[in-house]
Every structure is written in C-alpha cells, then in structure tokens.
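Q: Please take a close look at one part of this predicted model. I should like a connected account of how that part is placed among its surroundings.

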Amino acid sequence: MMVYVYAITDDAPGPVALEGEGLGGQELRVVSSPGLAAVVSDHRGGLRSPSESDLWTHERVVERLMADHAVLPMRFGSLLETDAAVRELLRTRGVELTTGLRRVAGAIELGVRAAWRSAGEEPERAREDRGSGSDYLLGLLDQRQRARSLAERIDPPLARLARASRYQLLLTDHLPLSGAYLVDIERLDAFRVEVAELDEQISQAEIMCTGPWPPYSFAAAPPGDG
Amino acid sequence: MSTSTSAARPSGHVRRSARPDRDVTLLELLDRLLQGGVVIQGDITLAAADIDLVDVSLRLVIGAVDRVGRDLRGPVPAAVEAG
C-alpha cells in the first residue's frame, strides 16, 4: 500500500473538508503536521498506465480544495510509502511549502497560448531541404525574432495584471508564445478581457486563454527565492 | 484505458474558458500535471518511480494533437520533447 498525494494546503480558514473520491475510487484523507495538510488517498500497486481520466481525477481533487483553501498542487504521480513519509515531507519542506502557499493564496493560474493564424507566419520548411544552411539559419533567427516581438506585445499588458508570470517562446513552430500567469481571483475577468483585446488587435496570431487552473506553474519557488 | 473522449471532465468550481476546445485544455492539463506542481525530492523520493510519464504524455498528446485541428497545428508539450 502506498500513499498518493494530490496537494498541500494549510489549515486556514478551517479544517479541510473533503468531497469526492481519489484515484481508483479511494477515499480522500488528510495527513497533517502543524500548519500544513496534505490531501492523500491510499494507492494499491503502481501507476504504470494512467489514463486521461486519472489525470482529471487528480485535477478535480485539487480544484475542489482550491474553492476554500490556498493550494499547492503536487505533480501527477506523487506517491510516498507511508503517512509518516508524507508528514516527513511536510516537516522537512515546511518553510518552502508555507512560503509557497502564501505566494499563491487568493490567486489562480491562467494559461495563454498564441498560435500563428496562417501558415505564412511559420518558418519555411522547404529551406531545410533545398536552401543553403545559412538560409535555414536565417529563417530560424527570423522566426525567433518574430516570436519575440509578438511576446513583447502580448506579455507586458498581461504581466501587469498578474502577480507572477512566465512564458516560453516557440514551444513548437506553431506556438510563438505559451505563458502562465498567476492572477488575483478578482482580476480574472479583467485578464480575460485583456486577452480578448490582444487577440483582436494582433492579426498574425490567435491568442487563447485557458483556466482558471490550480497554480501548477507557480508551485515551486522562483529562482533566487529561498 | 481509453485515451479518447469518454474521460470525466472537471466538475468543480473552476470554469474552463469557453473558447479553447477540449484538446487544447487537455494539452494544458498535461503540461501542468506532468511538468508543474510540487515535486517530491530527496531521501523519501518515490514519486513517479514506476510511471512512464513519457509514455503517458505521448499516448494522450498524440490523441489530442490529432484532434486539435487548425487552431493549434501540432503543439507538443515539452514533456514529450524532454523525453
């Protein structure tokens, strides 16, 4: 028997109320240490072939908790041997986890993706085969340049509405920007309006907003933040 | 073990944006659950020990990408690239 961990929370504003089931229909439980609580369920066997619905089960458990508590979601697949090991995790990383909970309290994560609207915005694949090597490299540089200038239009107005943000350029040729924004719950609507306006203003890319999500992208301390 | 459309959807308080379709949402979910979140490290590590996450993301992503269609032609989360 192992213990699957979904999320870490604190005991404010009150004890954690558990609803629903965990992976494999298991009952949800709380393992606590002073000031911190982990929501877990018993787990038999491994997780060798998790399905999409397993991912959604993990996600739903975290989302329900998020309705009443500040939550640090665990990465999918976080298994420990015993409740004692969970308590040990809460104890040894107490400072980091408490700081993290403070960082995300009252906020949600929103995803932003920009995708080129037309194939013309993408790099010319043909260069790879027919053109010279330098043509190809120039093509890549140009693509990177265009993604960067797009990000310079999209990110600043969104980052202004967010507590924290991060983005990646060119996750694939088609996605010049993939971003995550930690946004105060009260600013959710304003953020979505801003995304919709950017989508309208920027003709070469389609800009989409997903979420709200639990703060998966902000669960770890940012670099340089002990 | 279906990777297709029958999976349960979130029913909690969290609303999905109306516009991105189901597969974009699935890709975003995979990105977050497999690359984000608190990671167990150190002596007590057992996390993900027997999960082939690359396999999970490949199976699910290939299904999703096939269906995403025009809006996002072929995004692959870095989880797969990292594998």
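A: **An enclosed strand and its surroundings in chain A**

Strand β9 of chain A, residues 205–213, is largely enclosed by the rest of the structure, because eight of its nine residues are buried. Its pairing with β6(A) is antiparallel and comprises seven bridges. One residue pair illustrates this pairing: A:G111 has A:T210, in β9(A), as its bridge partner.

Strand β6, residues 107–116 of chain A, also leads to a helix, since β6(A) is among the elements that cover the buried residues of α3(A). Helix α3 of chain A spans residues 94–104, and its buried residues are A:L97, A:G100, A:L101 and A:V104. These residues lie on the same side of α3(A) because they cover an arc of only 100° around the axis. The exposed residues A:V95 and A:R102 are carried on the face of α3(A) that is turned away from this buried side.

The cover over the buried residues of α3(A) draws on both strands and a helix of chain A. Besides β6, it includes the strands β1 (2–10), β3 (36–43), β4 (71–73) and β8 (175–184), together with the helix α2 (83–92). Just after α3(A) comes A:G106, which takes a positive phi of about 80°.

To summarise, β6(A) is antiparallel to β9(A), and β6(A) also contributes to the cover of the buried residues of α3(A).

Notes:
Residues are numbered from 1 along each chain as its sequence is written. Chains are lettered from A and ligands numbered from 1 in the order in which they are written. This is a predicted model: local features need pLDDT of at least 70, side-chain atom pairs count only at pLDDT 80 or more; totals for chains, interfaces and linings use all residues. A residue is buried if 20 or more other C-beta atoms lie within 10 Å of its own, exposed if 12 or fewer, and partly exposed in between; C-beta atoms are placed from the backbone. Helices (H or I, at least four residues) and strands (E, at least two) are DSSP runs, numbered from the N terminus. The arc is that of the directions from the helix axis to the C-beta atoms. Two residues are in contact if their C-beta atoms, placed from the backbone, lie within 7 Å. Two strands pair if DSSP finds at least two bridges between them.
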